[in-house]
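Please open the structure in your viewer and keep the selection panel at hand. The stops below proceed one selection at a time.

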Amino acid sequence: MEIGIQQAAAGTADEIAARLPFEEFWHQEHSNLARALAVTIGDVPLAAEATDEAMARAFQHWDRVSTLDNPAGWTYRVGLNWSRSVLRRVHRRPPVWLVQPGSHHDAPTLDPSIDAALQRLSPAQRAVVVCRLLLNLSEQQTATLLRIRPGTVKSRLARSIVLLASALPHLDPKEHQS
């Protein structure tokens with residue numbers, strides 16, 4: 001009887017030890033994921049839900065997810081796919097993303113001109129911008145994550161930067177030099 005209790009206790013300790021890395025992952029990546037999804041989706045409350053759903057799925061599959069080259073990228077992709085499914089189901093366009101102060105502690109606050117410029121980009125372009133510039137993923141990681149070719153990543157990012165620069169000339173440091 002004592003052996004069964006010791007094995008059960010050891011199993012519980014193993015389970016706790018296995019969860020500890022996920023807790024560290026959650027603490028390191030939750031805020032970044034929430035911000036990235038908010039910028040990509042354009043809907044802060046939906047992004048918060050997508051973040052929670054993606055983290056829950058990462059936890060469920062942590063044995064496999066923790067062995068991936070980029071667990072944060074996998075989690076971002078899960079959140080992005082989940083949010084797109086929700087949007088398709090309810091047949092609504094994402095509202096213009098404008099964070100009100102105090103609305104969500106993880107939500108980023110953007111200059112309204114940046115928000116407007118980002119909304120001019122297609123969702124596919126925003127996803128590339130978020131992966132490359134906000135999440136700092138490589139072209140290959142972005143391509144793999146979004147299931148597109150590296151050349152598509154390059155062209156979408158280049159076009160997006162041109163569009164953003166033309167919409168945000170007041171943020172160009174070259175324009176403010178005397």
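A residue is called buried under 20% relative accessible area, exposed over 50%, and partly exposed in between, with a 1.4 Å probe and protein chains only. This is a predicted model, in which local features need pLDDT of at least 70 and side-chain atom pairs count only at pLDDT 80 or more, while totals for chains, interfaces and linings use all residues. Residues are numbered from 1 along each chain as its sequence is written, and side-chain values use heavy atoms, with hydrogens and water left out.

**First stop: alanine 165.** Select alanine 165, which is placed in helix H8, residues 150–167. Helices here are DSSP runs of H or I with at least four residues, numbered from the N terminus. With a relative accessibility of 47%, alanine 165 counts as partly exposed. Now add alanine 117: the two residues are 48 apart in sequence, and their C-alpha atoms are 8.9 Å apart in space.

**Second stop: helix H5.** Extend the selection to residues 112–120, where Asp115, Ala117 and Leu118 are buried. Viewed down the axis of H5, these buried residues fall within an arc of 165°, so they line one face of the helix; the arc is that of the directions from the helix axis to the C-beta atoms. On the face turned away from the buried side of H5, look for the exposed residues Pro112 and Arg120.

**Third stop: helices H6 and H7.** Select residues 123–134 for H6 and 139–146 for H7; their axes come within 9 Å and cross at roughly 140°. Axes are lines fitted to C-alpha atoms, for helices over the stretch in contact, and angles run from 0 to 180 degrees between N-to-C directions. H6 and H7 are therefore oblique to each other, since angles under 35 degrees count as roughly parallel, over 145 as roughly antiparallel, 65 to 115 as roughly perpendicular and the rest as oblique.

Which residues of H6 and H7 meet? Ala127, Val128, Cys131 and Arg132 in H6 meet Glu139, Thr142, Leu145 and Leu146 in H7, contact meaning heavy atoms within 4.5 Å. Buried residues of H6 include Ala127, Val128, Cys131 and Arg132.

**Fourth stop: threonine 142.** Is threonine 142 in H7 buried or exposed? Threonine 142 has a relative accessible area of 0% and is buried. Apart from neighbours within four places in sequence, threonine 142 contacts Val128, Cys131, Arg132, Leu137 and Val153.

**Last stop: asparagine 136.** Finally, select asparagine 136, just after H6, and inspect its backbone: phi is positive, at about 60°.

Notes
Helices (H or I, at least four residues) and strands (E, at least two) are DSSP runs, numbered from the N terminus.
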